[in-house]
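Let's take a walk through this protein together, starting with the whole chain and then moving in on its parts. Have the viewer open and follow along.

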Amino acid sequence: MSDDMVVLPGERCRKAREAQGMTQAQAAQRLHLSVTYLQSLDADDYERLPEATFVKGYLRNYARLLGLPADEIANTFQQMVNDDALEKPLQLPSMASSPSSAWRKPVLITLVLAVLVALLWAFWPASGELPALPENKPETGQQAKQENMNDNTVAQPSVGAADDLEGIDSESSSAAAELDGEDSPGGGMQGDGQDANAASDPQDGESQAQQEDDGSSMLAANGLDRLLLSFTSNCWIKVTDATGRTLRQGEQSGGASLMLDGKAPFSLTLGNAGAVDELLVNGSAVTLPTDSPGKVVRISIP
């Protein structure tokens, strides 16, 4: 064998190309390969090239271009491929899994399900029924009344202040009556005559004074409206006027009467509609929607 046979195929082609003065770019163009492929052939770097069959064809065409024995160079490359395959360890096909592993997974799943069923059976109630949920019962009139009494915490207006206002109104009315009597001619004579009539008939004077007091108590002064209530039995109430002011709130005893002044309309809440004996606004009677004992009524009057 000659010395050229021990030279690698790529190196042998490179030396022949350089001896002919041909560049890599020229050789790559004539072989219709990229310069990168040609560089890998010259360096015998076959890892960067496609499969061995293609590389063998590239070397065969490269040798023919340079006038070298193409079959000899291709056979040399094939021998290198065969030797490289012998040096690599034999890769045996992986052994198939044993048939027993195919049924292990279903068995494990079955065991887990069995354990879950056993735990569920152990902790299930003995009666076999789940506890019933609590039912929401409708509120009765007495419960609604109690809740309203607990929720309404607005302070009540003082009774003394209301009495002071009533006293001022009565004093102003008396003063106006006296001024009218003095300005009119013969006022003194008229007054004496009235006093004489009052002295001669005291019962007529008392009835006239009572009628005047009843008429004045029906109406409020200073442009306000008056609300009158009387009760036959105990009743919880809450009264607010149009301005949102709470006029009265709390328990009223049976037989009591209540007079409140404010701006109409009034918002009235009664805990016991049957306990209301009389309801007047500025002297006009107001009828409740119901008079059933224990019935809660919420109305706006007039």
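**A guided tour of the fold**

Before we set off, please keep in mind that what you see is a predicted model. A good place to begin is strand β2, where V239 stands opposite R248 in β3. That pair belongs to a longer contact between the two strands: β2, which covers residues 235-240, runs antiparallel to β3 and is joined to it by six bridges.

Now step back to the sheet that holds them. Four strands form an open sheet in the order β3-β2-β5-β8, and their pairing is antiparallel. At the edges sit β3 (246-252) and β8 (297-301), each of which pairs on one side only. From one strand to the next, the twist averages 10 degrees. As a general reminder, the strands of a sheet pair through backbone hydrogen bonds, in either a parallel or an antiparallel way.

There is also an open sheet of four strands with the order β4-β1-β6-β7, again with antiparallel pairing. Here the edge strands are β4 and β7 (284-285), each pairing on one side only. Six bridges hold β1 and β4 together in the antiparallel sense. If you would like a single pair to click on, try D225, whose bridge partner in β4 is G262.

What fills the largest nonpolar core, and which of its residues touch the most other members? This core has 21 residues, and the best-connected ones are L227, V239, L268, L279 and I301. The elements that give two or more residues to it are β1 (225-231), β2, β4 (257-262), β5 (266-270), β6 (276-281) and β8. Strands from both sheets appear in that list: β2, β5 and β8 along with β1, β4 and β6. Apart from this core lies another one of 20 residues, among them M22, Y46, Y58 and I73.

L279 repays a closer look. Setting aside neighbours within four places in sequence, L279 is in contact with L227, L228, L229, L268, S284, A285, V286, L288, I299 and I301. Next to L279 in the sequence you will find E278, which lies in strand β6. Is E278 buried, exposed or partly exposed? E278 counts as partly exposed because its relative accessibility is 42%, and the partly exposed class lies between under 20% for buried and over 50% for exposed. Not counting residues up to four places away in sequence, E278 touches L228, L229 and S230. The C-alpha atoms of E278 and T232 are separated by 9.2 Å, although the two residues are 46 residues apart along the chain.

Let's move on to a helix. In α3, made of residues 35-42, the buried residues include L38, S40, L41 and D42. Which helices do the buried residues of α3 pack against? Their packing partners are α1 (9-19), α2 (24-31) and α4 (52-66). Just after α3, D44 takes a positive phi of about 55 degrees.

To finish, zoom out to the chain as a whole. It has ten helices and eight strands. Buried residues make up 25% of its 302 residues. Among contacts with a separation of 6 or more, 56% are between residues 24 or more positions apart. The chain exposes about 20,800 Å², and carbon and sulfur atoms supply 55% of that area.

Note on methods: Residues are numbered from 1 along each chain as its sequence is written. This is a predicted model: local features need pLDDT of at least 70, side-chain atom pairs count only at pLDDT 80 or more; totals for chains, interfaces and linings use all residues. Side-chain values use heavy atoms; hydrogens and water are left out. Two strands pair if DSSP finds at least two bridges between them. Axes are lines fitted to C-alpha atoms, for helices over the stretch in contact, and angles run from 0 to 180 degrees between N-to-C directions. Buried means under 20% relative accessible area, exposed over 50%, partly exposed in between (1.4 Å probe, protein chains only). Contact means heavy atoms within 4.5 Å. Accessible areas come from the Shrake-Rupley method with a 1.4 Å probe; for residues, only the protein chains shown count as cover. A nonpolar core is a set of buried Ala, Val, Leu, Ile, Met, Phe, Trp, Tyr and Cys residues joined through side-chain atoms within 4.5 Å.
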